[in-house]
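Hi,

Here is the structure I promised to pass on. Have a look at it first, then read my notes below.

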Amino acid sequence: MPTNYNELAEQYKRSKQVAWRYYIEQYSLCELAGEVSGLSVLDLACGEGHYARVFKKMGASRIVGMDISTRMIELATAAEKAEPLGIEYLVGDASSVHFGQSFDVVVAAYLLNYARSKQELAAMATTIHRSLKPGRPVRYRKQQSRPETI
Ligand SMILES: C[S@@+](CC[C@H](N)C(=O)[O-])C[C@H]1O[C@@H](n2cnc3c(N)ncnc32)[C@H](O)[C@@H]1O
């Protein structure tokens with residue numbers, strides 16, 4: 001699906017500095033993802049990699065970030081070059097990509113709202129489902145594992 005994030009990429013990256021994103025958005029996403037230390041995480045619609053970096057700093061063993069916007073992935077890759085964390089980034093469409101059952105956790109912040117039809121929504125949900133390793137129990141997050149900076 002075409003999005004205008006190639007034009008908005010730098011502006012979106014700056015928006016991550018706004019306080020509510022840290023205190024509400026990041027807090028909520030980290031709570032929902034649960035304890036990720038030692039786990040592999042797929043970040044679908046990773047944008048410029050903000051949450052990929054957050055989860056890596058929370059101790060995830062492997063992070064793959066994927067986004068349909070080439071500009072977003074360019075920014076993510078530049079951040080990885082400036083501060084190497086071992087995150088893999090790639091351009092792709094979450095409604096059609098195949099990873100196999102490789103990940104303990106899949107996050108997809110603000111992805112599903114981009115589906116233009118029930119079929120596309122189902123395709124995105126299928127990608128999430130088939131990317132997960134079977135049988136991972138829920139692990140609740142330890143409060144102290146959240147990075148303290150925005
Ligand atoms: C609001 S941004 C969120 C970025 C990131 N998840 C975050 O929370 O910082 C939405 C992202 O979804 C991406 N996107 C939209 N449709 C997509 C699709 N079909 N596959 C992968 N990425 C998609 C856009 O390019 C954009 O980077």
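Let's start with helix H4: on the face turned away from its buried side you'll find the exposed residues Thr70, Lys81 and Ala82. Before you go further, keep in mind that this is a predicted model.

So which residues of H4 are buried? They are Met72, Ile73, Leu75 and Ala76. These buried residues cover an arc of only 155° around the axis, which puts them on the same side of H4. This fits a general point about α-helices: there are 3.6 residues a turn, so residues three or four places apart point the same way. What covers the buried residues of H4 includes two helices, H1 (5-15) and H3, along with strands E2 (62-67) and E3 (88-91). You can also check the length of H4: its 13 residues (70-82) should span 18 Å at 1.5 Å a residue, and the end C-alpha atoms are indeed 18 Å apart.

Helix H5 can be read in just the same way. Its 14 residues, 118-131, should span 20 Å at 1.5 Å a residue, which agrees with the 20 Å between its end C-alpha atoms. Met124, Thr127 and Ser131 are the buried ones in H5. Looking down the axis of H5, you'd see its buried residues fall within an arc of 55°, so they line one face of the helix. Strands E1 (40-44) and E4 (105-107) are among the elements that cover them. On the face turned away from the buried side sit Lys118, Gln119, Ala122 and His129, which are exposed.

Now zoom out to the whole chain. It has five helices and four strands, and along the sequence they follow the pattern α-α-β-α-β-α-β-β-α. The radius of gyration is 15 Å, close to the 15 Å that the globule rule gives for 150 residues, so the chain is as compact as a globular protein of that length. Its C-alpha trace spans about 40 × 40 × 25 Å along the principal axes. Of the 150 residues, 31% count as buried. Among contacts between residues at least 6 apart in sequence, 68% join residues at least 24 apart.

Next, two residues with unusual backbone angles. Most residues other than glycine have a negative phi. Ala45, though, has a positive phi near 60°, and Tyr110 has one of about 65°. Are these two buried or exposed? Ala45, in the loop between E1 and helix H3 (50-57), is buried, with 24 other C-beta atoms within 10 Å. Tyr110 is in the loop between E4 and H5, and it is exposed, with 10 other C-beta atoms within 10 Å.

Ala45 turns up again around the ligand. Of the 19 residues there, Ala45, Gly47, Ser69, Ala94 and Ala109 come nearest. The residues of this shell divide into 12 nonpolar, five polar and two charged.

One last residue to click on is Leu39, in the loop between helix H2 (19-33) and E1. With 21 C-beta neighbours inside 10 Å, Leu39 counts as buried. What does Leu39 touch, leaving out residues up to four places away in sequence? Its contacts are Ala60, Ser61, Asp104 and Val105. Leu39 and Phe55 are 16 residues apart in sequence, and their C-alpha atoms are 9.7 Å apart in space.

Cheers

Technical notes
Residues numbered from 1 in each chain as written. Predicted model: local features only at pLDDT ≥ 70, side-chain atom pairs only at ≥ 80, totals over all residues. Near = placed C-beta within 6 Å. Nonpolar A, V, L, I, M, F, W, Y, C, P; charged D, E, K, R; others polar. Expected span 1.5 Å × (residues − 1). Buried ≥ 20, exposed ≤ 12 C-beta atoms within 10 Å, placed from the backbone. Arc of directions from axis to C-beta. Contact = placed C-beta atoms within 7 Å. Rg over C-alpha atoms; globule rule 2.2 N^0.38 Å.
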